[in-house]
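The exercises below are to be worked with the sequence and the coordinates at hand. Each task is followed by a solution in steps.

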Amino acid sequence: MTEWTNEPGLCPLRSSGPRPAGLGAQAEVEETLKRIQSHKGVIGTMVVNAEGIPIRTTLDNSTTVQYAGLLHQLTVKARSTVRDIDPQNDLTFLRIRSKKHEIMVAPDKEYLLIVIQNPCE
Amino acid sequence: MAPKSQKQKSSGGQKNPKRDKTKQALPDSEEREPINMESMGHPEIYPLVLTTQTQEILNCRIDKDITDEKPYILIKKEDILADFQNRGAVSDFYPVRKVIQEYPGDELLVVYDKDFRYGLNFYLIGTEEGKENYLNPPEVPEEQEEYKEHTPEDVYVYKPPISKPWVSLGSEKEIEEESVKESTKQITYMISRKRSEFGAPIKFSDQNASSVKDAYIECTAYPDRHFTLKQLEKDVGIQGVPKIKDTSTQTRWTYPKNAITQYYPRELSEEEKETFGQSKSLSDFLNNTSISVEIALQQNEIMNTFIDDWKCLAEEESTFGDKTDTHLKEYQSFTDLHTLTEKMVTSVSWHPTIYGLIAVSVAVRLSLEERVHFSGKLLLQPSLILFWSFSDPIHPQLMLESPDDIFCFKFCPSDPNIIAGGCINGQIVMWDITAHADRIENIKTGGSRRKKVTLKPMFLLEPDSNKEAMYIRHCAVSSIENGHKKVITDIHWLPDTFEINRLGAVFENRNGICCQLVTCSADCTICFWDIRPQKALIQQPIEKKKEEHIEIPFDVPSTFLHLDLSWKPLTKIRLSKGETSLDHCPTKISLSEGDLLYKAQEGMEDKILAQSKAVKAGEMNPYHNLEGGLANHLKPIEDFCTKFFVGTEEGGVIYTDWKMERDPETGRLMTKKPVSLYTVHDGAVHTVQRSPFYQDIILTIGGWNVAIWKEGVMTGPLLQSSCAPKRYTAGHWSLTRPGVFYIGREDGYVDIWDLLEKTHEPSLSQNICITMITYIKPWTFSAKQQFIAIADYYGTLHILEIPWTLSHPSTNEVSSINYYFEREVKHLEYVEQRKKIREQEKKEMELELEKKKVKTYQKSKEQLEAELKLDYESYLELEKNTLVNLGFIKVKETISFVDL
């Protein structure tokens, strides 16, 4: 993740408004997801656990399940590819650009964050 | 003769030491066998050379004793022997001496070999038989000839091969070279064993060869320096083969059976999701990853990195034709030359399916007064709709008859053989040309007809003699009393997705065909008509039929017989302006195209059902089998937009609803009030048309200007052009380019507007004819061929070809025009807002003015009062002083008075 901050000219938008202290982690989660969903062109956002089971999603169930299953497998494959080539390396981000949308997968040890966006045009 | 020869030999041998080498050759020749012609199959012939001396001696001189007739001579043996003795070895007969001595007979035959057949000039026949044969040869050939005569000629006489000694020609050397012979002798070993050891069990053991002495002989390799042959080229074949590992296994196969897997995805329950949601790990994860995700999202928002700029920059290169050619090209023009009165074209329609077929309705070019004046003459001439084909510019293919001039007509979208037209007298006329459909479909193949046309001069051709063009009578007209009272200005078929009932409510159409029409007329009404027979009204027509039994010609199809003369409209909508002023007179209407979404989702199954029903019913044309659809319970369509645009004769554009509502006071059905009315045009609106690309963009043309509207935007037109120099009389959207439309003017010019190029004036103006253009209708036949039909006031129909630039849209044209319209909408909204703001400002300004005025007024009032008070006080003082001075009032009294 630290690599991204070196990119010049791009600063992430973060609204640093006051958060209710009582709800804590859950509110943060919701807020972050909402923020991502509100970006221009974003069609759907979902959080998937390490086994490929969706935890949070903004799309309908069948689509979510399909995306989760397929992208989870693809992420595992991509990660293993990167590590096979250089064991010191690891996968940080996966972007799949198709004719209609762009699918972004941010992997982690335990979770996957999947965002589907329809780019500018 | 052996002993003699031996003697000769000995003598020869004795002579040898004395004589020289030359003589030594002789005994060799004596010992040698005389050469005979055995090889040639004549062993008895011995060639000889006889010199002239010998010839003289033996009397065998050439050309004297030996002639061609007798080329032989018999020489006595004794003479030859005497010759031997005389001349010894010099004698010519010496080589054959042995033969001569052995010769049994007395006379030897010597033959002159003129042709040197045997190598030398003479030859000796060494045997008696040979002599006999030679001397008596004619017998043999004679015998042979006789033999040949007896036997048939095709029988091959088998001559067995005569064995000859083999003559070497060098082939044995080749065979020797090729044959393989053992160069060395083979070594044979014989190993023996004791008999008792046969069959005994064998015991093998390993032994190192080097351990036992002399067990092997080695021939070690050593580098030989003398042998330096360097291999420069080596031809080796290599094959790259992956490592293959063969394994095999045996499986048990019982029997094949199908295997099905059904699965459902693993999902978390709600509580689990909640727990996850509250876990800290998830929030940490999201915090960390959201940064990179947002950067990525932003990247996409900023710029599309995958755009190929070159590709987007270039226009489509596959242009057909010249790019600079932007004019409409004249293709063909049609005029009806057989009419007597002057006619004008009122409406044009391309045949929806057949290529090159266009239908034109013509009307007489007379005003109302003139029509009344010439009414008798007009009755005699039939009013026609002419069908023109590209292949024949002089003769129309079909002529549809109608009771009066047709001002508008349309092909039925479901069945191009049904045509509905609106008359000048307010009647709707229906034609069914199914019977003649094959005639118009096969126009292209009528080549012979063409020849006929070109051969005969024009004045000889009469419409009657041309049997091909037929007059087709209409099959139904609407009722005169119940229909429109004035000319029908526009007629449309309702799309086959829905139908309406008497209240104007929309229901789904189960027939799958267009069965309803809408017409508008100059009597300020819009009527909806249904072409299906109305079951509830059967009684009335029967009565009518009893009264007037009209003979219907037999060649008219009975499709619409139920409608003839009794056709009533389903609903009538009156466009009223109010009770006082005149009603609106509609000239053109434009309906929404129908909900395609509905059609796709819900109506598809029903449509398929309906179609299958129609197919099952004997595969008949559904129009010939119309059933009363009102009896069926149809499903109403909700959320259907029943509003439509109407253009009026005064130049207004009305947006109104066709649904009827019940008047609360009288209980009657009445039309709703129009939603909005705009007066933008200075003359009658002759074109109200929806864009083929956008469902809610409407083009209206009337008077001297053009307006483009968006359905739903109530504030005004998106685009309103300024007044043109000439009046606009016809117009149409382009079918392929969303920003292009054509307008016809009253001076015969066509203005082509391109919204991408200019929005304030036409981009191109082209002259078509000399008179007013009455109708424009473009049509696309293929991607490369697009025509536009322009009809003028003098009755001529011009067909022009639209160039590539005008027919082919650029890549982003649809979205660009859409964007333009959206901009215009925003502009209108902005204008509205500005209006409001301005109003507000105005109000504020007024308020301020008011305030100012009020303030000054108040101020002066106070001042006045103050002044008055002062004046009064001063006056009182003055009074007091005066009275005191006069002595009328005492000081005390006045003071007390004042104090009071």
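Helices (H or I, at least four residues) and strands (E, at least two) are DSSP runs, numbered from the N terminus. The model is a predicted one.

**Exercise 1.** Place Ser98(A) among the elements of chain A and classify its exposure.

Step 1. Chain A has two helices and five strands. Read from the N terminus, their order is α-β-β-α-β-β-β.

Step 2. Ser98(A) is found in the loop that lies between strand 3 and strand 4 of chain A.

Step 3. The relative accessible area of Ser98(A) is 34%. Partly exposed covers the range between under 20% and over 50%, so Ser98(A) is partly exposed.

Step 4. For a distance check, take Asn118(A): it is 20 residues from Ser98(A) in sequence, and the two C-alpha atoms are 9.6 Å apart in space.

**Exercise 2.** Describe the surroundings of Lys77(B) and decide whether Lys77(B) is buried or exposed.

Step 1. Lys77(B) belongs to helix 4 of chain B, which covers residues 77-87.

Step 2. Leave out residues up to four places away in sequence; Lys77(B) then touches Ile100(B), Gln101(B), Tyr103(B), Gly105(B), Asp106(B), Glu107(B) and Leu108(B).

Step 3. Tyr103(B), one of these, is 26 residues from Lys77(B) in sequence, with a C-alpha to C-alpha distance of 8.3 Å.

Step 4. The relative accessibility of Lys77(B) is 16%. The limit for buried is under 20%, therefore Lys77(B) counts as buried.

**Exercise 3.** Characterise the interface between chain A and chain B by its contacts, area and polar pairs.

Step 1. Count the residues in contact: 45 of chain A and 35 of chain B.

Step 2. The area buried between the two chains is about 3,900 Å², and carbon and sulfur atoms give 63% of this area.

Step 3. Eleven residue pairs, both members at pLDDT 80 or more, are in polar contact across the interface of chain A and chain B.

Step 4. Assign the side of chain A that touches chain B to elements. Those that each supply at least two residues include helix 1 (25-37), strand 1 (42-49) and helix 2 (61-85). Helix 1 of chain A gives the most, with eight residues.

Step 5. By residue class, this side of chain A divides into 26 nonpolar, 13 charged and six polar residues.

Step 6. Between chain A and chain B there are two salt bridges. Arg35(A) forms a salt bridge with Glu294(B), and their closest N and O atoms are 2.8 Å apart. The cut-off for such a pair is 4 Å.

**Exercise 4.** How many disulfides does the rule count over all chains, and what is the exposure of Cys475(B) and Cys723(B)?

Step 1. A disulfide is a covalent bond between the sulfur atoms of two cysteines. The search requires a pair of cysteine sulfur atoms within 2.5 Å.

Step 2. Over all chains the count is zero disulfides.

Step 3. Cys475(B) has a relative accessible area of 2% and is therefore buried. Cys723(B), at 55%, is exposed.

**Exercise 5.** Set out burial and contact range for each chain.

Step 1. Chain A has 121 residues, of which 39% count as buried. Among its contacts between residues at least 6 apart in sequence, 37% join residues at least 24 apart.

Step 2. Chain B has 21 helices and 37 strands. Buried residues are 38% of its 900 residues.

Step 3. For contacts in chain B between residues at least 6 apart in sequence, the share that joins residues at least 24 apart is 62%.

Methods. Residues are numbered from 1 along each chain as its sequence is written. Chains are lettered from A and ligands numbered from 1 in the order in which they are written. This is a predicted model: local features need pLDDT of at least 70, side-chain atom pairs count only at pLDDT 80 or more; totals for chains, interfaces and linings use all residues. Side-chain values use heavy atoms; hydrogens and water are left out. Contact means heavy atoms within 4.5 Å. Buried area is the accessible area (1.4 Å probe) that two parts lose on being put together, summed over both. A salt bridge is a side-chain nitrogen of Lys or Arg within 4 Å of a carboxyl oxygen of Asp or Glu. A polar contact is a pair of N or O atoms within 3.5 Å; within protein, one must be able to donate a hydrogen and the other to accept it, and residues adjacent in sequence count only if both atoms are side-chain atoms. Ala, Val, Leu, Ile, Met, Phe, Trp, Tyr, Cys and Pro count as nonpolar, Asp, Glu, Lys and Arg as charged, and the others, Gly among them, as polar. Buried means under 20% relative accessible area, exposed over 50%, partly exposed in between (1.4 Å probe, protein chains only).
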